Amino acid sequence: MGKKTTVGLLIGGIMDEFNEMICRGVIAESEKDDINLVVIPVKYIEREMKNIPDLFEYQYITNEQSITSTNIDILIVIADCIGAFTTRANLVHFINTIKARNIPIILAASKIDGYPSVSFDNKTGITEGISYLVKEAGVHNICMLNSKEPNVDIKERYDAYIEMLDYYRLEHGPNSVLATNLTSEYTEDYERILDLNPNAEAIICANDNIAIALYSVMKRRGLTPGKEIKVMGFDNTKSANMITPSLTTVDADATHLGRRIFTMVRMMLEGWDVGETTIPTRFILRDSFGSLLDKENTDQTILDKQNLDEYFSRIFYKFDSKSYKENFELIIMFKTVMTIIIDYINSKDYSFERVNFLKQKVDEFFNLEPLKYTDVDVLLAYAERVQTAALNNFTNYERKCQAHETFSAIMERIVRTLFKAEDQDDKKDEYLFTLKSMVEEMLHHETYSDDDYSEITKSLSGFGIKNAYVYIYDTPVIHNNGEPFTVPEHLNIKTAMNDGVITNVPAEEQPITIDQIYDNKFITDKKAVMILMPLYFREKVFGSVLYDLTDISYEMGEYLANYYSIVAKIIDKYKN
């Protein structure tokens, strides 16, 4: 990666949505800077591996040994994701150990005394959610599923919950709050909070994973989220919008946080002192609270032009002050389209010219890419509710048919975007087939040599990656869970790919030290954004592969690493 400044990003899992969004934000903000970025997944520290599908994913922690003061200038750490399954003390010790290598550290979405950080305002979203429950929904019995090992973010969410219950003088006893794990695995805790609180009207969850798991427990009991019990999460993950009913949550924009983190990196590189920064969150009302769109008087309010600003803020909740500067036409076009629709509904005049004009304006609106500021289902729900209001407004059968045809065309325009997700699923199947074919081909080789490691770089080139480097230890390292890992004194760079050109490195030029893993004569000297993935099979660690970070890693990076690890195992077994 040349002699440029190199910034490391230490994350949990690359296929985790929250980590992905932070990565994307950091990368987007760094585009104008002539620096290198390397993403280093370590999954989790000190996780109990019982009942985990990949019992050996703990091997990702070996990636941490690649971080030295020689090859990383500043390290960004998403600490609370990495430490989700350990104690606060163990997490702090882990971070302090890296800092002791004389590496400047910035924390993302985490707070630890003595470290600069960018974190979320955890209280505002919880405050707004509970206020809505009390003032709009008339709810008074509110419980919470909290974390057993609360980090700073979780503690702030809990504090906001207690403060709001005290503010509204609502009762909360020892059974109102139940501590659980931040994953969706501990369903017995969700059963217990329902058993202990048979009169619960709402449950606030520390994150979306807990809320989604609570859904399943509720449905087994014949309880509908949003009806018998209102449910709220935190983080606004993709799943929060996809489940039924859609989950009320708090939007903590990780991409925005990633951008802000890199501005802090930039300041540090320029010699500025940096401290703690907080970015805002936003309450997202959805069906698990009984949506704004489900109120009895919706037909009147949704067709009232005076309410367009309120509906816009609810639907396009990701549209902030920065968005307004970059795409202010969006809100203007939304109001224009809705004004035309409302006038169309209120008018007795129907004509093909008028409907075609409306469809034209809808197309212009979608050309502004509004879906990046909302979730498809939120916009669909709004469009469906407007359609219902329109049909209820007509008594004439012919007018109802005309209105139905008009709104069906609008809905179709929205639904088209959903096919992109289906295309991605098809591509994933194709990618997995390609990887399986690569392994099958390797097994049919009669002899094995260092040249066979180029199968990994060839495979990566097939996924559109231009730069990749395979590092293999002299001898595989046996590493058991919970044991310390020490990277070997030397690594061997077996194959290198630069701008799509693959080179098998001669044996005498292969050895490098860990300090050279991101900077050696075989690595591109162009600006690069790369990811380091471990090559392991069960307790054996063979080395690692460094390659361009592209969308393929967010979609299936761990699958790639697993298959490339099998290739490394095959070569090691038959070559030695």
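**Exercise 1.** Leaving aside its neighbours within four places in sequence, with which residues is S553 in contact? Determine also whether S553 is buried or exposed.

*Solution.* The model is predicted. First, locate the residue: S553 belongs to helix α19, which spans residues 551–575. Next, list its contacts beyond four places in sequence: these are I14, M15, I531 and Y547. Finally, consider accessibility. The relative accessible area of S553 is 0%, and the cut-off for a buried residue is under 20%; S553 is therefore buried.

**Exercise 2.** Establish which residues of helix α6 are buried and how they are arranged about its axis.

*Solution.* Helix α6 covers residues 187–196. Its buried residues are D189, Y190, I193 and L194. Viewed down the axis of α6, these buried residues fall within an arc of 140°, so they line one face of the helix. The general rule behind such a pattern is that an α-helix has 3.6 residues a turn, so residues three or four places apart point the same way. The elements covering the buried residues of α6 include the strands β6 (142–147), β7 (177–180) and β8 (202–205), together with helix α7 (208–220).

D195 also lies in α6. Its relative accessible area is 51%, and the cut-off for exposed is over 50%, so D195 is exposed. The C-alpha atom of D195 is separated by 54 Å from that of I517, a residue 322 places away along the chain.

**Exercise 3.** Characterise D235 and D499 by phi, location and accessibility.

*Solution.* Begin with the backbone. D235 has a positive phi of about 120° although it is not a glycine; D499, likewise not a glycine, has a positive phi near 50°. Then place each residue. D235 is in the loop between β9 (230–232) and α8 (238–242), while D499 is in the loop between β14 (491–498) and β15 (501–504). Lastly, D235 counts as partly exposed at 22% relative accessibility, and D499 counts as partly exposed at 47%.

**Exercise 4.** Describe the second largest pocket by volume and lining.

*Solution.* The second largest pocket holds about 570 Å³ of space. Of its 22 lining residues, I45, E46, I61, F94 and E483 are the closest to its centre. By class, the lining comprises eight nonpolar, eight polar and six charged residues.

**Exercise 5.** Where in the protein chain is confidence lowest, and where is it highest?

*Solution.* The mean pLDDT of the chain is 87, with 91% of its residues at 70 or more. Confidence is lowest in helix α10 (residues 298–301), at a mean of 62, and highest in strand β3 (residues 74–77), at 98. Where pLDDT is low, the predicted coordinates should not be read in detail.

Key: Residues are numbered from 1 along each chain as its sequence is written. This is a predicted model: local features need pLDDT of at least 70, side-chain atom pairs count only at pLDDT 80 or more; totals for chains, interfaces and linings use all residues. Side-chain values use heavy atoms; hydrogens and water are left out. On a 1 Å grid over the protein atoms alone, a cavity is a set of points where a 1.4 Å probe fits but cannot get out, and a pocket is an open set with protein on both sides within 12 Å along at least five of seven lines; lining residues have an atom within 4 Å of a point. Grid points are joined across faces, edges and corners, and a volume is the space filled by probe spheres set on the points. Ala, Val, Leu, Ile, Met, Phe, Trp, Tyr, Cys and Pro count as nonpolar, Asp, Glu, Lys and Arg as charged, and the others, Gly among them, as polar. Helices (H or I, at least four residues) and strands (E, at least two) are DSSP runs, numbered from the N terminus. Buried means under 20% relative accessible area, exposed over 50%, partly exposed in between (1.4 Å probe, protein chains only). The arc is that of the directions from the helix axis to the C-beta atoms. Contact means heavy atoms within 4.5 Å. pLDDT is the predictor's confidence in each residue, from 0 to 100.
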